[in-house]
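I opened the model to look up ring pairs, charge pairs and a few single residues. My notes follow in the order I took them.

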Amino acid sequence: MTESVSSTPALEIHHVETLGVAPVPDRDRCMRPGMLFLIWALASASATTPVIALLLHGIGLWNFILIVLFATLIGLVPAMLLSHMGRQVPIISMVMARRTFGIGGATLLAILYTIVGVGWFGLNTDVAGKILDTLFPGFGMLWYIVLGVLQITLVFFGMEVLEKFYKYTALLFLLCYAVLAYYLFTQHTFVLPVATQRVDWGKDIDLVLSFSLLAWAYDFPTVTRFCVPLTAQETLTDRALYLLAPAVGVMSAVLFMGLLGLVALQMTGDWNIALLGKNLPFWGEISAIGVILAIAHTNAMNLYPAVTKLLAVINVAGKPHRFMQPTVVVLLGVFATFLAIAGILDFIEGFLSMLGSLLFPFSFILVIDWFHGKHYSDAVSQFYQRVYIWTDYFLWPAPWAISMLIAGVVLTQMGFLMAPAIIHLLPWQICSAAIAGGIYYMGIRFIEQRVQRRKMA
């Protein structure tokens, strides 16, 4: 980097985080790989994570394990690179994207992904509200309000408090689910899930990745920007731990909670292990605590990045007003809670999935451009340029990057044109993103070579 991030004023000492989308100062970057793993493992271990068992019901236990492992291997490289980007330059991905998709393109994408984050916050709150209403009926809307207030309060204080929350509730979360697992295996007849249908490898791998690793990876820099800065003296082991911690955290949660959901579905007919406590007066209350923690762990990583994305829209050039971040937390959190109460998420979940389909090509193009263009060596100020004329919103390579992003989405929808045997084996969403990223790279290289030839002429 040509400009040290330490030139940015240190985080002000407040009870709430007021950093916004400004780069994190070196003095406040102290997160280690263990904490990084814990945050993403618990964020991925939502009360809705076992639903992957319902989506993949019939493929059998061993095939499920293989699909998760294949998905991890396929998504590992882009996930590691995105994690690394946050350590190289301590800014969020939507600010990084300004150098690739232009300020205009990055702003539009930030708006879309804010909707995705808020929507999933509301969806998870809706699920938690229904679970708690089943365990403790008669309170209705009150559960949604209580959950909303608790989760908004948690995110209100920022990453420093979120770290402590994940750290000190991890054991309680594990104990709650251990109680439910004990009840499951002692009160029900164990039945090993076996394959009862053909495994659609390509489609299932895409499903797992869109449900887990590549649905989270583009937000890895939002957390890794708080990690200890990268130095030349860092050992290869430490560097590998920082690279792997987020991806391994996400996928380990998907593997173990997915297996738990798969077994529970086979043994009880219900993938939602949290509802098993409804017949246990005392242990049902314990399981409810586990549900609340699981929802809060996940929604913190839905709402917090959504807040940073909206701040990137509001404040293009640098740090916003001191109280802008906590204000946005409250506004987005209240709106998301209202969505859960209104129940309209049942109608817009498909819309959220459609927006999420942008994530694969977005992540691939961003990573390719970031490392090919060596943006990690740019001065931090380059990511916070002010706009004076409309053309500044879409400086090169933004038109090409946006075109390839759209091409990636279109390619994904054209999978029906492929031979069934190919689609059966290949994860077409990933392939479409890789093709779009490859064409993007070739286009960038072609333009660079053309410019070099003109200079030499």
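Before listing clusters I fixed the rule for aromatic pairs: rings of Phe, Tyr and Trp, the last by its six-membered ring, pair if their centres lie within 6.5 Å. The model is a predicted one.

Entry 1, aromatic rings. I looked for groups of paired rings and found that Phe101, Tyr113, Tyr218 and Phe362 form one aromatic cluster. The count of aromatic pairs comes to 15. I then checked Trp40 and Phe220: the ring centres are 4.9 Å apart and the planes stand at 65°, so I entered the pair as edge-to-face. Trp40 is in helix 1 (residues 33-44) and Phe220 in helix 10 (residues 220-224), so this pair ties together parts 180 residues apart in sequence. Both Trp40 and Phe220 are buried.

Next I took Phe173 and Tyr177, a tilted aromatic pair with 5.0 Å centre to centre and 45° between the planes. These two residues are four apart in helix 7 (residues 159-187), which puts about one helical turn between Phe173 and Tyr177. I noted Phe173 as buried, and Tyr177 as buried too.

Entry 2, charges over rings. I found the charged end of Arg87 over the ring of Tyr242, 3.7 Å from the ring centre. The charged end of Arg99 sits over the ring of Phe383, at 5.8 Å from its centre.

Entry 3, salt bridges. I searched the whole structure and got seven salt bridges. Which residue does Arg99 meet in a salt bridge? The partner is Asp378, at 2.8 Å from N to O. Arg99 is in helix 5 and Asp378 in the loop between helix 15 and helix 16 (398-413), so far along the chain that 279 residues separate them; the pair links distant parts of the chain. Arg99 is partly exposed at 26% relative accessibility, whereas Asp378 is buried at 15%.

I also recorded Lys130 with Asp126, whose closest N and O atoms are 2.6 Å apart. Both residues belong to helix 5 and lie four residues apart, about one turn of the helix. Lys130 is partly exposed at 46% relative accessible area, and Asp126 is buried at 4%.

Lys309 and Asp219 form another salt bridge, 2.7 Å from N to O. Lys309 lies in helix 12 (residues 281-314) and Asp219 in the loop between helix 9 (213-216) and helix 10, so the pair ties together parts 90 residues apart in sequence. Is Lys309 buried or exposed? Lys309 counts as buried, at 2% relative accessibility, and Asp219 is buried at 4%. I closed this entry with Arg87, Glu234 and Arg239, which are linked in a network of salt bridges.

Entry 4, nonpolar surface. I found a nonpolar surface patch of about 680 Å², with Phe139, Met141 and Ile341 among its residues. Helix 6 (residues 141-156) gives the most to the patch, with six residues. Phe139 lies in the loop between helix 5 (98-135) and helix 6, and is partly exposed at 44% relative accessible area.

Entry 5, two single residues. Ser363 is in helix 15 (residues 359-372) and counts as buried at 1% relative accessibility. Leaving out residues up to four places away in sequence, I found that Ser363 touches Leu82 and Tyr218. Gly438 is in helix 18 (residues 428-456) and is partly exposed, at 27% relative accessible area. From Gly438 to Leu214 I noted 18 Å, C-alpha to C-alpha, with their positions 224 residues apart in sequence.

Technical notes. Residues numbered from 1 in each chain as written. Predicted model: local features only at pLDDT ≥ 70, side-chain atom pairs only at ≥ 80, totals over all residues. Heavy atoms only, no water. Phe/Tyr/Trp six-rings, centres within 6.5 Å; stacked < 30°, edge-to-face > 60°. Buried < 20%, exposed > 50% of the residue type's maximum accessible area, 1.4 Å probe, protein only. Lys NZ or Arg CZ within 6 Å of the ring centre and 35° of its normal. Patch = residues over 30% accessible without salt bridge, like charges linked within 9 Å, V, L, I, M, F, W, Y side chains within 5 Å. Areas by Shrake-Rupley, 256 points an atom, 1.4 Å probe, with all protein chains shown as cover. Salt bridge = Lys/Arg side-chain N within 4 Å of Asp/Glu carboxyl O. Contact = heavy atoms within 4.5 Å.
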